[in-house]
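Please find below my notes on the model you sent round. They are set out as numbered points, starting with a question about one residue.

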Amino acid sequence: MHPAKVIGAALLAAALPMAAHANAELAKSKNCMACHSVDKKLVGPAFKDVAAKYKSDKDAAAKLSQSILKGSTGKWGPIPMPANAVSDTDASALAKWVLTL
């Protein structure tokens, strides 16, 4: 393999954990973790369960982003998720992060 490709792959691999960590921090800063956790149900579903539910849905990131922005009801039981005061960019980043879990 060409050295430039090896270096590029190494840089990408190194950046992925930082991106995941950054979005976990974003979730904490936007109070998502008040109702969700990565691996267990709290008030809302675990993020890993959300990722599993939507793993074969090609529109999952857009759907989750809209749920974050506008809230949702009935997808995970009787407790509604309220709309969240986040930017479109943050909602998209959070949705994409959840889907990586």
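1. Leaving aside its neighbours within four places in sequence, which residues is Lys48 in contact with? The contacts of Lys48 are Val38, Asp39 and Leu101. Lys48 has its place in helix 2, and at 43% relative accessibility it counts as partly exposed. Between the C-alpha atoms of Lys48 and Leu101 there are 5.3 Å, although these residues are 53 apart along the chain. Please keep in mind throughout that this is a predicted model.

2. The overall layout comes next. The protein chain has four helices and zero strands, and its pattern along the sequence reads α-α-α-α. Of the 101 residues in the chain, 28% are buried. Among contacts with a separation of 6 or more, 46% are between residues 24 or more positions apart.

3. The contact of helix 3 with helix 4 deserves a careful look. Two packed helices are described by the angle between their axes and the distance between the axes. Here, helix 3 (residues 60-70) and helix 4 (residues 88-99) have axes that come within 8 Å and cross at roughly 125°. That makes helix 3 oblique to helix 4. The crossing of this pair is right-handed.

4. Which residues of helix 3 and helix 4 meet? Helix 3 brings Ala60, Ala61, Leu64, Ser65, Ile68 and Leu69, and helix 4 brings Asp88, Ala91, Ser92, Leu94, Ala95, Lys96, Val98 and Leu99. By class, the residues of this contact are 10 nonpolar, two polar and two charged.

5. Helix 2 also packs on helix 4. Their axes come within 8 Å and cross at roughly 85°. Since angles of 65 to 115 degrees count as roughly perpendicular, helix 2 and helix 4 are therefore roughly perpendicular to each other. Phe47, Val50, Ala51 and Tyr54 of helix 2 meet Trp97, Val98 and Leu99 of helix 4. This contact of helix 2 with helix 4 has seven nonpolar residues, with no polar and no charged ones.

6. On the core: in soluble globular proteins, nonpolar side chains tend to be buried together. In this model the largest nonpolar core has 17 residues, and those with the most contacts inside it are Leu64, Ile68, Leu94, Trp97 and Val98. Helix 1 (3-29), helix 2 (47-54), helix 3 and helix 4 are the elements that give two or more residues to this core. Its largest share, five residues, comes from helix 4.

7. Leu64 links several of these points. Leu64 is among the helix 3 residues that meet helix 4, and it is also one of the core residues with the most contacts inside the core. Setting aside neighbours within four places in sequence, Leu64 is in contact with Val50, Tyr54, Ala95, Val98 and Leu99.

8. Which residues of helix 3 are buried? They are Ala60, Leu64, Ser65, Ser67, Ile68 and Leu69. The cover over these buried residues includes helix 2 and helix 4. Just after helix 3, Gly71 takes a positive phi of about 85°.

9. Lys63 also lies in helix 3, but at 40% relative accessibility it counts as partly exposed. Not counting residues up to four places away in sequence, Lys63 touches Tyr54 and Asp57. The C-alpha atoms of Lys63 and Ser92 are separated by 9.6 Å, with their positions 29 residues apart along the chain counted as the separation.

10. Is Asn23 buried or exposed? Asn23, in helix 1, has a relative accessible area of 18% and is buried, because the limit for buried is under 20%. Beyond residues up to four places away in sequence, Asn23 touches Ala93, Leu94 and Trp97. Of these, Leu94 and Trp97 are among the residues with the most contacts inside the largest nonpolar core.

11. A last point concerns Asn31, which is found in the loop between helix 1 and helix 2. Asn31 has a positive phi of about 65° although it is not a glycine. At 56% relative accessibility, Asn31 counts as exposed. I suggest viewing Asn31 beside Asn23, which is buried at 18%.

Terms used
Residues numbered from 1 in each chain as written. Predicted model: local features only at pLDDT ≥ 70, side-chain atom pairs only at ≥ 80, totals over all residues. Heavy atoms only, no water. Axes fitted to C-alpha atoms, helices over the stretch in contact; angles between N-to-C directions. Parallel < 35°, antiparallel > 145°, perpendicular 65-115°, else oblique. Left-handed = near helix turned anticlockwise from the far one by under 90°. Contact = heavy atoms within 4.5 Å. Nonpolar A, V, L, I, M, F, W, Y, C, P; charged D, E, K, R; others polar. Core = buried A, V, L, I, M, F, W, Y, C linked by side-chain atoms within 4.5 Å. Buried < 20%, exposed > 50% of the residue type's maximum accessible area, 1.4 Å probe, protein only.
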